[in-house]
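Visitor: Could you take me through the aromatic rings here, slowly and close up? I'd like to hear how they pair.

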Amino acid sequence: METDHTLLSAARKRNQDAWIKIFDLYSSSLYNYALRLCGDPVLADHIVGDVFAKLFDQLAAGKGPESNLRSYLYETAYHRIVDEARYAKRRAPLEAAIWLHQDRLFVSLRVEDEILFQEIQHAIRHKLTEDQRHVIILRFLEQFSLRETATILGKRVDHVKVIQGRALVTLRKTLEYNGIRKTVLSSLVRQTPQAIGV
């Protein structure tokens, strides 16, 4: 498999095959990320288009990333989503049920209890801050490291650790308060190799 550096070098030379490979590698995951945060398929599609248009413009101008293309694309998508949320003067909703149903690779657990789905959805929507939702999505859904998540969000690694810790504590407390002893989050942290480390 070609490295980011090889693909980016070829894309800077306007190699169409390199552009197709970059798009094929990242477009679906970027779309899912945008959809989770904005909840609108059309807007998510526009955001992905904007991200790739920006990348093309940057590379054509001799700028843009030299490596770690995935982080660069997610960072661009994050800022585009934040801009859209500010423009619309509303918070970006998160549909946790779609989140969990669409990401079988993310959740290798079999969630049998529909009440658990509803509790998780409610907790994520109503108990987490916007920063906490972003961190939970990037860390556990997209499986970025702490360092990559910090870069995408424009925050320090130690700040991301604090946000993640508070989000997990809030979700655990909310689910335990509602009588759910075995939480999906505890299992996710154990199953995600990068959950604690950078």
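Guide: Sure, starting with the rule: rings of Phe, Tyr and Trp (its six-membered ring) pair if their centres lie within 6.5 Å, and planes under 30 degrees apart count as stacked, over 60 as edge-to-face and the rest as tilted. This is a predicted model, where local features need pLDDT of at least 70, side-chain atom pairs count only at pLDDT 80 or more, and totals for chains, interfaces and linings use all residues. Residues are numbered from 1 along each chain as its sequence is written, and side-chain values use heavy atoms, with hydrogens and water left out.

Now for the cluster: Tyr33, Tyr74 and Phe144 belong to one aromatic cluster. Searching the whole structure turns up four aromatic pairs. One of them is Phe23 with Phe52, tilted, with 5.1 Å centre to centre and 55 degrees between the planes. Phe23 sits in helix 2 (residues 16-38) and Phe52 in helix 3 (residues 41-60), so this pair ties together parts 29 residues apart in sequence. Helices here are DSSP runs (H or I, at least four residues), numbered from the N terminus.

Back in the cluster, the ring centres of Tyr33 and Tyr74 are 5.1 Å apart with planes at 55 degrees, so that pair is tilted. It links distant parts of the chain, Tyr33 in helix 2 and Tyr74 in helix 4 (residues 69-88), 41 residues apart. Tyr33 is buried, at 0% relative accessible area, and Tyr74 is buried too, at 1%. Buried means under 20% relative accessible area, exposed over 50%, partly exposed in between (1.4 Å probe, protein chains only).

Notes. Helix = DSSP H or I, 4+ residues; strand = E, 2+ residues; numbered from the N terminus.
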